[in-house]
Each structure stands twice: as structure tokens, then as C-alpha cells.
Amino acid sequence: MKINIVGSGIAGLAASVRLALQGHTVSVFETNAYAGGKLSEIRTAGYRFDAGPSLFTMPQLVDELFTLAGKNPKNYFNYVRLEKACNYFYEDGTRFTAYHNREQFATELKNKLGVDQSGQLFKHLDNAAFRYNLTA
């Protein structure tokens, strides 16, 4: 079967790989001169800016796609989980770091935002992890 995919963003590329692996003839159409959709960058005056997602939260899905295609993802990617997930900068000058470690995250909430609800935070994180694992 011949299938046309409109858009070479992450979803379009992943769908085209999966469909091609199932034996379909796949064509991908993209309006931009580059693939990746929102996963792109802007370079100007010696600086580089992410123009789309700046967090890579589910590398296991990329690994799965490469494995399905008979490729070793480690030959293409070397993931390193950083201590800090991201930094937030607010208009009032407040800066907040989201740490991967839940205790560090709770301490940052308390120190920077005055929120001392670590029990409630951990309950919320556990609930989010349960839902994520259930739907993953």
C-alpha cells in the first residue's frame, strides 16, 4: 500500500518509519527545507536558540523506533540525564530550578517559592508516575 505522510515532524517521521517497516511504500511531504517540524533551532549573532521542545523526556520511544528498524540507538544517540531538568525565569526576577531528584526539587520549592508541601508534592509525583506508567 502507498501511504503519504504530510509533515516531517517527530510524529510524521515516526509514523513513516513504522509504516515502512510494515512493508508500505511511504512518501513524506514537508513544506520546510528541513525535517523535524518544531524540533528545530534558530542561529543568529553567534547564538543558538531552540525553536521547539527543549526537553527530551521520553528517549525510550526513540530507542524503540530505532530497535524496530534494526538499528542500535546507542550508535546514534548518547543520552545523559542531567541533574537539572530545566530552569525557570520569572518576570519578577524569581529563578527556579526543576531538579530530577525529588528531594532536591522539594527543597528548591521551599527555598525559592516558599512552598513547603513536600508530602503533597511526593504524593502528586507518585500519582503522575503511576499514570505515566499506566499509559506508556
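The lining of the largest pocket in this predicted model is made up of 16 nonpolar, five polar and three charged residues. This report describes that pocket, then the second largest pocket, and then two pairs of packed helices.

**The largest pocket**

The volume of the largest pocket is about 980 Å³. Its lining has 24 residues, and those closest to the centre of the pocket are Phe-56, Thr-57, Arg-81, Ala-85 and His-100. Several elements contribute at least two lining residues each: helices H2 (59-68), H3 (102-113) and H4 (118-135), together with strands S5 (84-89) and S6 (95-99). Helix H4 gives the largest share of this lining, with four residues.

**The second largest pocket**

The second largest pocket has a volume of about 830 Å³. It is lined by 23 residues, and Ile-10, Leu-39, Phe-56, Met-58 and Val-62 lie nearest its centre. By class, the lining of the second largest pocket holds 15 nonpolar, four polar and four charged residues. Helix H1 (10-21) and helix H2 each supply at least two residues of this lining. The largest share, five residues, comes from H1.

Phe-56 is named for each pocket: it is among the residues closest to the centre of the largest pocket, and it is also among those nearest the centre of the second largest. Helix H2 likewise supplies at least two lining residues to the largest pocket and at least two to the second largest.

**Packed helices**

Two packed helices are described by the angle between their axes and the distance between the axes. The table gives these values for two pairs.

| Helix pair | Angle between axes | Distance between axes |
|---|---|---|
| H1 and H2 | about 30° | 10 Å |
| H3 and H4 | about 135° | 10 Å |

Angles under 35 degrees count as roughly parallel, so H1 and H2, at about 30°, are roughly parallel to each other. The crossing of these two helices, H1 and H2, is left-handed. On the H1 side the contact is formed by Ala-14, Val-17, Arg-18 and Leu-21, which meet Glu-64, Leu-65 and Leu-68 of H2. Five of the residues in this contact are nonpolar, none is polar and two are charged.

The angle for H3 and H4 is about 135°. Only angles over 145 degrees count as roughly antiparallel, and 65 to 115 as roughly perpendicular, so H3 and H4 are oblique to each other. H3 passes H4 in a right-handed crossing. In this contact, Arg-102, Glu-103, Phe-105, Ala-106 and Leu-109 of H3 meet Ser-118, Leu-121, Phe-122, Leu-125 and Asp-126 of H4. The residues of the contact of H3 with H4 divide into six nonpolar, one polar and three charged.

The helices of both pairs also appear in the pocket linings. H3 and H4 each supply at least two residues to the lining of the largest pocket, while H1 and H2 each supply at least two to that of the second largest.

Key. Residues numbered from 1 in each chain as written. Predicted model: local features only at pLDDT ≥ 70, side-chain atom pairs only at ≥ 80, totals over all residues. Heavy atoms only, no water. 1 Å grid on protein atoms, 1.4 Å probe; cavity = no way out; pocket = protein on both sides within 12 Å on 5 of 7 lines; lining within 4 Å. Points joined across faces, edges and corners; volume = space filled by probe spheres on them. Nonpolar A, V, L, I, M, F, W, Y, C, P; charged D, E, K, R; others polar. Axes fitted to C-alpha atoms, helices over the stretch in contact; angles between N-to-C directions. Left-handed = near helix turned anticlockwise from the far one by under 90°. Contact = heavy atoms within 4.5 Å.
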